[in-house]
Amino acid sequence: MSTGFELRSVSKTYDGGVLALSQVSFEIDARENVAILGPSGCGKSTVLRLMAGLESPSSGQILLNGTNASEEGRVLLPPYRRNVTMVFQDLALWPNLSVLDNVLLGIAAKSLPRQDAHRRAIDALSLCKIEQLAPRKPAKISGGQQQRVALARALASRPRFLFLDEPFSGLDLVTKMELLSDISRLAKKEEITLALVSHDPMEATSLCQSAVVLNNGQIEEKGRLADLLHEPKSAILRVFKEQLKDLPLG
Ligand code: ADP
């Protein structure tokens, strides 16, 4: 594999003894977007945090582009050197800052010259089709627009990998479909690999080519999403298959 993540027999036990992941191994090829699926509490967010370098594995190894990035109890490659940005369900926008300042704050750590930072922020807002919202405060825009601000903030840092942890829940169907198609287009254009945590078959199939299904901290199935949906073994993909039949674009 040229670029991407590889988890080798990764386990994670949190303080207090919760075993969140047990001997999980899979690869994310940077040319494919991956959906990380499974019931609540199965370890999906833990996988993202481990890949982002926000947590260390209790055992096992994580490689990024073939280089050892994390190993037992240690984060070798710090988060800011992984070229990963995350967007969470809680979009974590600063209510007292304008949309533009929210995006600028997201890239403040890069210490870019003022004008460059400003140009990048405006570029990211226009990629997300919300340039005109730059002076507004988050409370004065819609839920879908807030999602776009969080996305613009993530894109402004020009990540190689964008991790999306259920950021679309709570959006109406039309807004969601529009946003999904924009993200899919942007990811291709900007060569960004997506890792998506979701419970929604439409989100997963619109954005991702491959999938890893977790259950109880272990891998239940993994592979090309279309193949998995053809003959799903896991309960979640059986439900997905049923739901996709009823979707307008299914
Ligand atoms: P998911 O994203 O699939 O809902 P998580 O990765 O958030 O699952 O959590 C997996 C398990 O680890 C759950 O049992 C959860 O309660 C536990 N867990 C997650 N984060 C922590 C933490 N910081 N401390 C202790 N337990 C945690």
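The questions and answers below go through a predicted model of a single chain, from its overall build to particular residues.

Reader: How many helices and strands are there in the chain?
Author: The predicted model has both kinds of element, and the count covers the chain from end to end. The chain holds 8 helices and 11 strands.

Reader: What radius of gyration does the chain have, and what would a compact globule have?
Author: The C-alpha trace spans about 45 × 45 × 35 Å along its principal axes. For 250 residues, a compact globule would have a radius of gyration near 18 Å, and the chain agrees with this, since its own value is 18 Å.

Reader: What share of the residues counts as buried?
Author: The chain exposes about 12,200 Å², of which carbon and sulfur atoms supply 49%. A residue is taken as buried when its relative accessible area is under 20%. By that cut-off, the share of the 250 residues that counts as buried is 50%.

Reader: Into which domains is the chain divided, and how far apart are their centres?
Author: The division gives domain 1, made of 4-83 + 161-243, and domain 2, which covers 96-158. Across the boundary, 17 residues of domain 1 are in contact with 11 residues of domain 2. The centres of domain 1 and domain 2, taken over C-alpha atoms, are separated by 25 Å.

Reader: Why does the largest nonpolar core lie between the domains, and which helix gives the most to this core?
Author: The core has 51 residues, and those touching the most other members are Leu162, Leu164, Phe168, Leu207 and Leu237. Because domain 1 and domain 2 both give residues to this core, it lies between them. With 7 residues, the element that gives the most to the core is helix H4, residues 143-156.

Reader: Which residues does Leu164 touch, beyond those up to four places away in sequence?
Author: Leu164 is one of the residues that touch the most other members of the largest nonpolar core. Leaving aside residues up to four places away in sequence, the contacts of Leu164 are Leu48, Val87, Leu151, Leu194, Ala195, Leu196, Val197 and Leu207.

Reader: How many residues are in the second, separate core?
Author: Apart from the largest core, there is a second one that includes Val24, Leu48, Met51 and Ile62. The number of residues in this second, separate core is 28.

Reader: In what order do the strands of the open sheet stand, and which two stand at the edges?
Author: The open sheet is formed by 5 strands with antiparallel pairing, in the order S2-S1-S4-S5-S6. Each of the edge strands has a single partner strand, so one side of each is left without a neighbour in the sheet. The strands at the edges are S2 (19-29) and S6 (74-75).

Reader: Which residue in S2 is the bridge partner of Leu7?
Author: Strand S1, residues 4-13, pairs with S2 in the antiparallel sense over 7 bridges. The bridge partner of Leu7 in S2 is Phe26.

Reader: Which residues take a positive phi in the hairpins of S4 and S5 and of S5 and S6?
Author: Strand S4 (residues 59-64) and strand S5 (residues 67-71) run antiparallel and are joined by 4 bridges, with Ile62 standing opposite Ser70. S5 and S6 also run antiparallel, joined by 2 bridges, and Ser70 has Val75 as its bridge partner in S6. In the hairpin of S4 and S5, with 2 residues between the strands, the positive phi, near 50 degrees, belongs to Asn65. In the hairpin of S5 and S6, which has 2 residues between the strands, the positive phi, near 70 degrees, belongs to Gly73.

Reader: With which strands does S3 pair in the parallel sense?
Author: From strand S3, residues 34-37, Val34 and Ile36 point one way and Ala35 and Leu37 the other way, and all are buried. Ala35 has Leu196 in S9 as its bridge partner, whereas Ile36 stands opposite Val212 in S10. The parallel partners are strand S9 (residues 193-197), over 3 bridges, and S10, over 4 bridges.

Reader: Is Ser210 buried or exposed?
Author: Ser210 lies in strand S10, residues 210-215. Not counting residues up to four places away in sequence, Ser210 touches Glu32, Asn33, Val34, Ala35, Gly223, Arg224 and Leu225. Because the relative accessible area of Ser210 is 13%, this residue is buried.

Technical notes:
Residues numbered from 1 in each chain as written. Predicted model: local features only at pLDDT ≥ 70, side-chain atom pairs only at ≥ 80, totals over all residues. Heavy atoms only, no water. Core = buried A, V, L, I, M, F, W, Y, C linked by side-chain atoms within 4.5 Å. Buried < 20%, exposed > 50% of the residue type's maximum accessible area, 1.4 Å probe, protein only. Domains from an automatic or database assignment. Contact = heavy atoms within 4.5 Å. Rg over C-alpha atoms; globule rule 2.2 N^0.38 Å. Areas by Shrake-Rupley, 256 points an atom, 1.4 Å probe, with all protein chains shown as cover. Pairing = 2+ DSSP bridges.
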